[in-house]
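Got a structure in front of you and wondering where all the labels come from? Let's take some of them apart, one at a time.

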Amino acid sequence: MSKEENRISAQLIDIFENIMKMEQETINRESQQRLSMTEIHTIAAAGREELSSMSEIAGKLHVTVGTLTVGMSNLAKKGFVERYKSEKDRRIVKVGLTKKGKEIYRIHEAFHRKLGLTLIKGMTEAEKKIVKDAMTNLEEFICRGCPNLDI
């Protein structure tokens, strides 16, 4: 790997770590709450408007329903989500955000919008296309799961 490629890899790691830290700090400051990134992303996965099943949310987060149940219990105790059992099938549990949860969702979405706009600020359309292509490459790499590293 060239020096340039090593630098880009190092930058990606630094940026990812700093985004996660900044995201948590910003959301906690704006909401005046104390939430972990796991809790924030669980709220985001639950969505803003509709009720979602536990299995739908677990799928979005790539965790088991059992793992999600523990987190949802904590979020329910803190007043961010409410659980509803299906009238037709009591085994099905739907989750919805409370007013407090919707506020976290709103702040989280605003943070992500600002992040995206900051990335492309001042760029020409051609430069935006290059960034879009680079982001697509990165997304494809991540979404394929654990890649062979060919070390």
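What follows is a set of questions and answers about this predicted model.

Q: What makes up the protein chain in terms of helices and strands?
A: The protein chain has six helices and three strands. Going along the sequence, they come in the pattern α-α-β-α-α-β-β-α-α.

Q: Why is the protein chain called more spread out than a compact globule?
A: Take its radius of gyration, which is 19 Å. The globule rule gives 15 Å for 151 residues, and 19 Å is well over that, so the chain counts as more spread out than a compact globule. You can also picture the box that the C-alpha atoms fill along the principal axes: roughly 60 × 35 × 25 Å. As for burial, 25% of the 151 residues count as buried.

Q: What share of the contacts with a separation of 6 or more comes from residues 24 or more positions apart?
A: In the protein chain, that share is 45%.

Q: Why is H2 called oblique to H3?
A: Look at the angle: the axes of H2 (residues 37–46) and H3 (residues 54–61) cross at roughly 125 degrees and come within 9 Å. Roughly perpendicular covers 65 to 115 degrees and roughly antiparallel needs over 145. The 125 degrees fits neither range, so H2 is oblique to H3. The crossing itself is right-handed.

Q: Which residues of H2 and H3 meet?
A: On the H2 side you'll find His-41, Thr-42, Ala-45 and Ala-46, and they meet Ile-57, Lys-60 and Leu-61 of H3. Sorted by kind, the residues of this contact are four nonpolar, two polar and one charged.

Q: Why are H2 and H5 described as roughly perpendicular?
A: Their axes cross at roughly 95 degrees and come within 9 Å. That angle falls in the 65 to 115 degree range, so H2 and H5 are roughly perpendicular to each other. Where they touch, Ile-40, His-41, Ile-43 and Ala-44 of H2 meet Gly-101, Ile-104, Tyr-105 and His-108 of H5. This contact has five nonpolar residues, three polar ones and no charged ones.

Q: What makes H1 roughly perpendicular to H2?
A: Here the packing angle is about 75 degrees, with the axes 10 Å apart. Since 75 degrees also sits between 65 and 115, H1 counts as roughly perpendicular to H2. The residues that meet are Met-20, Glu-23, Gln-24 and Ile-27 in H1 with Met-37, Ile-40 and His-41 in H2. They divide into four nonpolar, two polar and one charged.

Q: How do you know whether His-108 is buried or exposed?
A: Check its relative accessible area, which is 5%. Buried means under 20%, so His-108 is buried. His-108 belongs to helix H5 (residues 99–120). Leaving out residues up to four places away in sequence, His-108 touches Glu-23, Ile-27, Ile-40, His-41 and Ala-44.

Q: Is Glu-39 buried or exposed, and how do you know?
A: Glu-39 has a relative accessible area of 13%. Because this is under the 20% cut-off, Glu-39 is buried. You'll find Glu-39 in helix H2. Apart from neighbours within four places in sequence, Glu-39 is in contact with Arg-34, Leu-75 and Lys-78.

Q: What about Asn-137: buried or exposed?
A: The relative accessible area of Asn-137 is 51%. Exposed means over 50%, so Asn-137 is exposed. This residue lies in helix H6 (residues 125–143). Its C-alpha atom is separated by 24 Å from that of Met-22, and the two residues are 115 apart along the chain.

Q: What makes the phi of Gln-32 worth a look?
A: Its phi is near 55 degrees, a positive value in a residue other than glycine. Most residues other than glycine have a negative phi. Gln-32 lies in the loop between H1 (3–31) and H2. At a relative accessible area of 71%, Gln-32 is over the 50% cut-off, so it is exposed.

Q: What is the phi of His-62, and why is His-62 called exposed?
A: Phi of His-62 is near 60 degrees, again a positive value in a residue other than glycine. His-62 sits in the loop between H3 and H4 (65–77). Its relative accessibility is 72%, over the 50% cut-off, so His-62 counts as exposed.

Notes: Residues numbered from 1 in each chain as written. Predicted model: local features only at pLDDT ≥ 70, side-chain atom pairs only at ≥ 80, totals over all residues. Heavy atoms only, no water. Axes fitted to C-alpha atoms, helices over the stretch in contact; angles between N-to-C directions. Helix = DSSP H or I, 4+ residues; strand = E, 2+ residues; numbered from the N terminus. Parallel < 35°, antiparallel > 145°, perpendicular 65-115°, else oblique. Left-handed = near helix turned anticlockwise from the far one by under 90°. Contact = heavy atoms within 4.5 Å. Nonpolar A, V, L, I, M, F, W, Y, C, P; charged D, E, K, R; others polar. Rg over C-alpha atoms; globule rule 2.2 N^0.38 Å. Buried < 20%, exposed > 50% of the residue type's maximum accessible area, 1.4 Å probe, protein only.
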